[in-house]
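Trainee: I am new to this structure and should like to understand the terms used to describe it. May I ask, term by term, on what grounds each one is applied?

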Amino acid sequence: MSDPGATARRRARAFPELPEWAGPTTRLVHGARRPDWNAGSVVPPIYQTTTFHFPAEHSEARDRGDVYLYSRLANPSVEGPEETIRRLEGGDSARLFGSGMGAITSTVLSLVRAGDEVVAPAGLYGSTQDLLTDLLPRFGVRVRMLTGEEARSPETAMGPDTRLVLVESPTNPGLHVHDLARWAKAAHGVGALFLVDNTFATPINQHPLALGADVVLHSATKYLAGHSDLLAGAAVGSAEVMARVDAKGYLGASLDPFAAFLLARSLPTLGLRVARHNENGRRVAEALRDHPAIERVHYPGSASLEEEAIAARQMQGRGGMLSLSLRGGAPSIDPFLGRLRFFHVASSLGSVMSLVSVPIQSSHRHLSEVELSRLGIDPGFVRLSLGIEDPEDLVRDLTEALDAIV
Ligand SMILES: Cc1ncc(COP(=O)(O)O)c(C=O)c1O
């Protein structure tokens, strides 16, 4: 069959550059839209195809990586949001994956080998922790999970075999912040790569690459997608490191074109959504701080003056994640949740709709009492992912539910 679009197709792979002065939301709206080479649609079409025409004259172009072959390796619908996220994080190269765990497993497995040591502070997202502590040791990779105390001085945690360091900040669900510039320096001091899971902060509120990270990871399922309707993951970093991430494309955690289309549809509103998440986080944290039903509000920077200084230095906004320690402990959780009108009781986070979860019953249910208390998770601990509803409505909903359990 003939292939009329072949020449245009090769040309169209380049994304238009924007003026340097363009702000983040302008970049999100106009960032990665290539002219449609078929009908001229302003919205990029969904290339819901597994494979692409491959006439003989494309052999040379294939060797240069200039044409599409097979959607596990590259698909135009995936490349658009990939480029938007690359620009947002400020990296040379970005890859999207079928889930956040797809991004994390593909990146970590590509960068370690037998004999290496991986260092991470305890309290990572549960499946990431499982990957490190269950899977990697089976392949001869040693993993050292640091306690909260040890994680305060990362320099002393690095050893001669440390090759990879993985940090989340703010942490889940305690919302502690790690000093990313200090961690980067400590990791690089022993020649290790430094990876940061930036899911909670978002690329609007925090730029780990500018603070020294080698790769930024995301569960794009969360704020980047933002509507609780798709799974996706992202890895962004230097050209050199990203060239090693699933270099031959056999790990297979590729993003589906339709999910990529939905993600591309969500990204232009990321800046607006995160501005509202930030406002809702700040308003709810202030309103609930002295409520008699609450022992403690956990919010990025709230743990200590030192963490407040770190958050102020490295975050442009504190986000919409917030946890509460209810004074009444475990018995007060169900009466509290049962009175909320605008919070879905569900795991996950980063959506336009507010969600509430109980880590002891969900993500952290496998941990012992000692491990839970080390992470600061007490029996009345509840995690809120504040959506983009009107701030006064969320404050009122939470306050009324708390008033009822005093
Ligand atoms: C911080 C963090 N990283 C990674 C993941 C995994 O992402 P996914 O569920 O998209 O695989 C999650 C999921 O909740 C998360 O919270």
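Trainee: Why is Asp246 called buried?

Mentor: The model is a predicted one, and in it Asp246 has a relative accessible area of 6%. Buried means under 20%, so Asp246, at 6%, is buried. Its place is in the loop between α10 (239-242) and α11 (257-266). Phi of Asp246 is near 45°, a positive value in a residue other than glycine.

Trainee: What makes the pair of Asp246 and Arg95 a salt bridge?

Mentor: The closest N and O atoms of Asp246 and Arg95 are 3.9 Å apart. The cut-off is within 4 Å, for a side-chain nitrogen of Lys or Arg and a carboxyl oxygen of Asp or Glu, so the pair counts as a salt bridge. Asp246 lies in the loop between α10 and α11 and Arg95 in strand β1 (residues 93-97), so the pair ties together parts that are 151 residues apart in sequence. The structure holds 19 salt bridges.

Trainee: How do you know whether Arg95 is buried, partly exposed or exposed?

Mentor: Arg95 has a relative accessible area of 24%. Buried means under 20% and exposed over 50%, so Arg95 falls in between and is partly exposed.

Trainee: Which salt bridges does Arg341 form, and with what distances?

Mentor: Arg341 forms a salt bridge with Asp397, the closest N and O atoms being 3.4 Å apart. These two link distant parts of the chain, 56 residues apart: Arg341 is in the loop between α14 (333-339) and β10 (343-345), and Asp397 is in helix α16 (residues 391-403). The side chains of Arg341 and Glu400 also meet in a salt bridge, at 2.7 Å from N to O. Glu400 lies in helix α16 and Arg341 in the loop between α14 and β10, so this pair ties together parts that are 59 residues apart in sequence.

Trainee: What makes Arg341 exposed and Asp397 buried?

Mentor: Arg341 has a relative accessible area of 54%, and exposed means over 50%, so Arg341 is exposed. Asp397 has 1% relative accessibility, which is under 20%, so Asp397 counts as buried. Glu400, at 33%, counts as partly exposed.

Trainee: Why is Thr202 called buried?

Mentor: Thr202 has a relative accessible area of 2%. Since buried means under 20%, the term applies to Thr202. Thr202 lies in helix α9 (residues 202-205), and phi of Thr202 is near 75°, a positive value in a residue other than glycine.

Trainee: What makes the approach of Thr221 to the ligand a polar contact?

Mentor: An N or O atom in the side chain of Thr221 is 2.6 Å from an oxygen atom of the ligand. A polar contact is a pair of N or O atoms within 3.5 Å, so this pair qualifies. The protein covers 91% of the 390 Å² of accessible area that the ligand has on its own. A polar side-chain atom of Ser219 lies 2.8 Å from an oxygen atom of the ligand, and a polar backbone atom of Met101 is also 2.8 Å from a ligand oxygen.

Trainee: How do you know that Tyr250 is exposed?

Mentor: Tyr250 has 65% relative accessibility, and the cut-off for exposed is over 50%, so Tyr250 counts as exposed. Together with Leu109 and Leu251, Tyr250 makes a nonpolar surface patch of about 310 Å².

Terms used. Residues numbered from 1 in each chain as written. Predicted model: local features only at pLDDT ≥ 70, side-chain atom pairs only at ≥ 80, totals over all residues. Heavy atoms only, no water. Helix = DSSP H or I, 4+ residues; strand = E, 2+ residues; numbered from the N terminus. Buried < 20%, exposed > 50% of the residue type's maximum accessible area, 1.4 Å probe, protein only. Polar contact = N/O pair within 3.5 Å; in protein donor to acceptor, adjacent residues only side chain to side chain. Areas by Shrake-Rupley, 256 points an atom, 1.4 Å probe, with all protein chains shown as cover. Patch = residues over 30% accessible without salt bridge, like charges linked within 9 Å, V, L, I, M, F, W, Y side chains within 5 Å.
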